[in-house]
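Q: Please take a close look at one part of this structure, the surroundings of its ligand. Describe them in one connected answer.

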Amino acid sequence: MEINYTKINHKLYYSTVLVVITLMLLGLIVDNPLLHHLGVGYITHGVLVFLFSTCLLIYPKYKSHFLRIIIIIVASTYFYTIFFLYPNTWSNFIFLCFIPAISILFFDIRLFYFSLLVNTFSIISLFSYIAMVDQGHLYPYIREDLIGNIINFLGSQAILYFIFYLSYGRLKKQQLYYEQIKQSERLKTTGQLAAAVAHEIRNPLTVVKGFLQLYEKDNNNVNSKRHYSLMIDELNTAEQVISQFLSIAKPDKDTQIELVNVKNVLQSVTDLLNTYGLLHDNKIVLERVEDCYIAANTIEFKQLLINIIKNAIEASKVGDSVVITAERKKDLVEINVIDRGQGMSKEEMNSLGTPFYSLKSKGTGLGMMICFNIATKYKGTIHFDSVKGKGTTVTIRFPAKLG
Ligand code: ADP
Ligand code: MG
């Protein structure tokens, strides 16, 4: 059984885009006055439909700022072109007013202001052209009430600005809320790990303290050389546990994208979580871990792995191991976290990622939601493969980078 969290969003996007493309094709084919004498105008119309459709179809794959600007430019050219090609279809004018609405879909503030500004300039030029050159010949409905049309246009831009302002504010608030949840979930995780870490540090400290007490009594101990290296080893262990712990506990003000060495991160996360697993005699085994790299923020990537491995430990029976593999498969890095624990039913898997969904008495049910968000942020995916009572395999995939 396998589920993909981002599938639903993709389905919705592609079905909307297909409706838009179908409508554009209908406009091109059905009862088109230019269809009878194929000329430059009709070909331009066709090329623009093709370009606009391609941009919309490839957008989910590339999602770059550059592509968004291209989409706005192609869409504007498309709507202005059909306005000029089909002067009798007066409703084309409505599309011109609503061009900036496209950038609302992208929630990009700079792009919105850019398209609002460009559209206002274009409309001013268009109205000047109609008033002075065309003189109402092809566009009588605009010329006859020029002032009324200008006011309507300004009104439509104000409405768009208002819609953008409201929805953008709401989105920002939601983002802030999510950041706070992410932070508090990490504090909770670090709090839980702290108990295991403290336990782990106490052992080396007891050893070192024991030796020091011994020396206090007897200064001529012949074994002291050997004991010193033992003490240093123990203190090194404690130091390592503390630094691994601190590397996830520090606040993430700057979530910079870095080249992350997956093998190193897995090693450090495993070392840290092994202390947590020891509480119930669970071990984490790194198997077949290849050298591979991804582009992400190290702390966020660690948080994702910790959440998933911690879930695997918590689902495991006393004494069982959690196996982790990591390898490069074509242009992807694939990490598997395999447990032989309680597993999940289909319904339980479908609820994964829903905020506050947890079957644990002390769970928050936020871990998986955060994992899915981090994965999506760095163009990764998380798949679950689980059988109730048998165990779970979580497959995490990220685009591979060259080290
Ligand atoms: P929490 O760990 O706080 O409960 P999560 O979002 O991390 O919240 O997980 C949600 C739920 O998904 C868990 O309560 C658990 O029931 C289920 N789950 C997650 N991973 C596994 C797994 N490896 N095996 C079995 N159940 C799991
Ligand atoms: Mg969890």
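A: In this predicted model, 19 residues surround ligand 1, and those that come nearest are Asn-311, Ser-358, Lys-360, Thr-364 and Met-368. Sorted by class, this shell holds eight nonpolar residues, nine polar residues and two charged residues.

Some of the contacts can be described atom by atom. Asn-311 places a polar atom of its side chain 2.8 Å from an oxygen atom of ligand 1. Met-368 also has a contact to an oxygen atom of ligand 1, but here the protein partner is a backbone N or O atom, at 2.8 Å. Gly-365 likewise takes part through its backbone: one of its polar backbone atoms is 3.0 Å from an oxygen atom of the ligand. Ligand 1 on its own would expose 540 Å², and the protein buries 95% of that area.

The next point is the place where the ligand sits. Ligand 1 occupies the second largest pocket. Two elements each give two or more residues to the shell around it: helix 11, which covers 298–315, and helix 13, which covers 367–377. Of the elements, helix 11 gives the most, with three residues.

For orientation along the whole chain, the division is into three parts: domain 1 spans 10–144, domain 2 spans 187–249 and domain 3 spans 258–401. Between the C-alpha centres of domain 1 and domain 2 the distance is 68 Å.

Key: Residues are numbered from 1 along each chain as its sequence is written. Chains are lettered from A and ligands numbered from 1 in the order in which they are written. This is a predicted model: local features need pLDDT of at least 70, side-chain atom pairs count only at pLDDT 80 or more; totals for chains, interfaces and linings use all residues. Side-chain values use heavy atoms; hydrogens and water are left out. A residue is near a molecule or strand if one of its heavy atoms lies within 4 Å of it. A polar contact is a pair of N or O atoms within 3.5 Å; within protein, one must be able to donate a hydrogen and the other to accept it, and residues adjacent in sequence count only if both atoms are side-chain atoms. Accessible areas come from the Shrake-Rupley method with a 1.4 Å probe; for residues, only the protein chains shown count as cover. On a 1 Å grid over the protein atoms alone, a cavity is a set of points where a 1.4 Å probe fits but cannot get out, and a pocket is an open set with protein on both sides within 12 Å along at least five of seven lines; lining residues have an atom within 4 Å of a point. A molecule sits in a cavity or pocket if more than half of its atoms lie within 2 Å of its grid points. Helices (H or I, at least four residues) and strands (E, at least two) are DSSP runs, numbered from the N terminus. Ala, Val, Leu, Ile, Met, Phe, Trp, Tyr, Cys and Pro count as nonpolar, Asp, Glu, Lys and Arg as charged, and the others, Gly among them, as polar. Domain bounds come from an automatic or database domain assignment.
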